[in-house]
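Here is a short note to read with the model open beside you. Take the points one at a time and find each residue as you go.

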Amino acid sequence: MADTYDVIVLGSGPGGYVAAIRAAQLGLKTAIVERELLGGICLNWGCIPTKALLRSAEIFHYMQHAKDYGLVADKISADLEAVVKRSRGVAKQLNQGVTHLMKKNKITVHMGTGVLTAPGKLTVTGEDGKKTDLEAKNIIVATGARARDLPFAKTDGKRIWTYRTAMTPPEMPTKLLVIGSGAIGVEFASFYNDMGSEVTIVEMLDRVVPVEDKDVSAHLEKAFKKQGMTILTSTGVDKLEVTGSGVKASIKDKDGKVTTAEFSHVIVAIGIVPNTENIGLETLGVKTERGHIVTDAACKTNVAGLYAIGDVTAPPFLAHKASHEGVIAVEAIAGKHPHAMDVRNIPGCTYCHPQIASVGLTEAKAKEAGYEVKVGNFPFIGNGKAIALGEAEGFVKTVFDAKTGELLGAHMIGAEVTEMIQGYTIGKTLETTEAELMETVFPHPTISETMHEAVLSAYGRALHI
């Protein structure tokens with residue numbers, strides 16, 4: 001006899017485990033299936049441990065610049081092994097936290113590889129080969145995604161790395177090539193540059209962090225070059241050849257000119273591939289596009305009783321989007337009539353140095369959509385707290401609908417902007433206009449005052465510039 005549940009969640013990342021918790025809160029008998037580690041990639045090999053690495057690199061950077069703060073710090077050095085050990089400790093702590101949450105909420109955990117066998121049916125194969133049949137009225141697929149390989153150069157964990165090896169490096173790169181300048185690429189570029197590697201970033205498109213507003217991209221490129229990085233945009237890598245001492249890369253520029261350069265290591269950060277293979281989607285006839293599962297606003301697939309959330313579905317590929325979709329899917333299952341996901345209100349954060357955060361439309365996208373816009377911009381150099389912190393590099397940019405005053409987008413680069421973006425995100429969710437934002441009192445002295453000034457700037461009322 002199969003074990004029977006109201007809801008089975010396949011995958012325990014930030015989408016899956018949150019969905020399971022919400023289901024349990026609503027009184028649904030719930031099971032979760034995980035083939036590796038509770039918490040998925042994000043908690044164990046992604047979002048959280050990378051931030052631990054970046055924090056170590058940030059502190060190391062400040063220690064090296066102690067004299068800028070009137071302090072003395074001599075003979076500063078980094079212990080890579082200890083830095084990695086701390087990061088893995090943080091991941092372990094969070095993994096244990098998710099394990100506790102499963103027990104607290106009386107969620108049954110099945111460790112093993114899950115495969116959909118029929119509508120409402122799933123088989124789990126454990127490491128020992130034992131098979132367990134599960135049944136549920138509703139199944140949520142939350143299997144996530146993995147790093148995309150270059151077709152001509154597979155990652156080997158020695159010289160050519162994905163993010164996974166980059167988090168537990170066997171050695172410190174002396175000369176590092178990062179292929180791709182999305183969030184993962186620039187975060188690792190920042191980490192290894194601060195730790196002492198000579199870093200080169202190659203990006204096929206015409207600017208780094210190409211999903212961000214063009215002003216943010218330009219500022220980040222300038223900042224990275226100032227930090228000593230080499231930035232090659234409108235450029236691709238044609239060939240990687242592993243040698244006895246490193247990797248030989250053939251790099252082609254926009255004019256078709258190919259140059260060869262030697263690197264000690266390479267990080268490939270060119271996107272993701274959804275984990276949709278070998279989980280039974282074909283058996284059920286689940287509709288996909290480019291490998292990603294197609295869902296409606298309530299995260300339903302074309303198969304009755306089957307839902308999908310997170311990176312296995314449509315972009316943006318963000319942990320917090322997955323978690324929110326998990327709640328939406330479960331509340332739909334429970335008949336709670338949840339709101340539909342509005343991707344325009346999902347913030348994005350990148351933890352390079354300087355940090356980047358954004359929500360909504362870029363200036364270019366707003367104009368493409370037919371909006372007449374009012375744009376504000378306020379630099380950190382006009383903010384007292386930023387100057388006092390020694391972090392006067394950066395700015396906040398706002399984009400408003402000139403006709404209605406609706407906040408269309410906000411784009412930030414600089415210290416702690418990943419913590420500040422939520423203010424604009426709440427504003428967008430509440431459908432705020434410039435009037436409410438202008439009338440909001442921001443505390444002084446804080447960097448968040450730049451957010452107020454950027455709103456005022458859009459309407460010619462900035463006070464401190």
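1. Let us begin with a charge above a ring. K175 lies over the face of F263, and the distance to the ring centre is 5.5 Å. Please keep in mind that this is a predicted model. R88 is placed over the face of W45, at 3.9 Å from the ring centre.

2. Now for rings beside rings. How many aromatic pairs does the structure hold? There are 5 aromatic pairs. W161 and Y192 form a pair with ring centres 6.2 Å apart and planes at 50°. Planes under 30 degrees apart would count as stacked and those over 60 as edge-to-face, so the pair of W161 and Y192 is tilted.

3. Where do these two residues sit in the chain? W161 belongs to strand 8 (residues 160–161), while Y192 belongs to helix 6 (residues 183–194). The pair links distant parts of the chain, with the two positions 31 residues apart. W161 has 0% relative accessibility, so this residue counts as buried. Y192 also counts as buried, because its relative accessibility is 0%.

4. Next, look at F400 and Y459. Their aromatic pair is edge-to-face, with 5.5 Å from centre to centre and 65° between the planes. F400 lies in strand 23 (residues 395–401), and Y459 lies in the segment after helix 14 (449–458). This pair, too, links distant parts of the chain, with its members 59 residues apart.

5. Is each of these two residues buried or exposed? F400 is buried, because its relative accessible area is 0%. Y459 has a relative accessible area of 23%. Buried requires under 20% and exposed requires over 50%, so Y459 is partly exposed.

6. Go back to W161 and Y192 for a moment. Which residues form one aromatic cluster with them? F188 and F191 join W161 and Y192 in that cluster.

7. Finally, please check E449, a residue of helix 14. E449 is buried yet has no salt bridge. The nearest side chain of opposite charge belongs to K385, and it is 8.2 Å away. A salt bridge would need the charged atoms within 4 Å, so K385 does not provide one for E449.

8. What does E449 meet instead? Its side chain makes a polar contact of 2.9 Å with the side chain of H444. Leaving aside residues up to four places away in sequence, E449 touches N383, F442, P443 and H444. H444 therefore appears both in the polar contact and among the residues touched, by the contact cut-off of 4.5 Å.

Terms used
Residues numbered from 1 in each chain as written. Predicted model: local features only at pLDDT ≥ 70, side-chain atom pairs only at ≥ 80, totals over all residues. Heavy atoms only, no water. Phe/Tyr/Trp six-rings, centres within 6.5 Å; stacked < 30°, edge-to-face > 60°. Helix = DSSP H or I, 4+ residues; strand = E, 2+ residues; numbered from the N terminus. Buried < 20%, exposed > 50% of the residue type's maximum accessible area, 1.4 Å probe, protein only. Lys NZ or Arg CZ within 6 Å of the ring centre and 35° of its normal. Lys, Arg positive; Asp, Glu negative; His and termini not counted. Polar contact = N/O pair within 3.5 Å; in protein donor to acceptor, adjacent residues only side chain to side chain.
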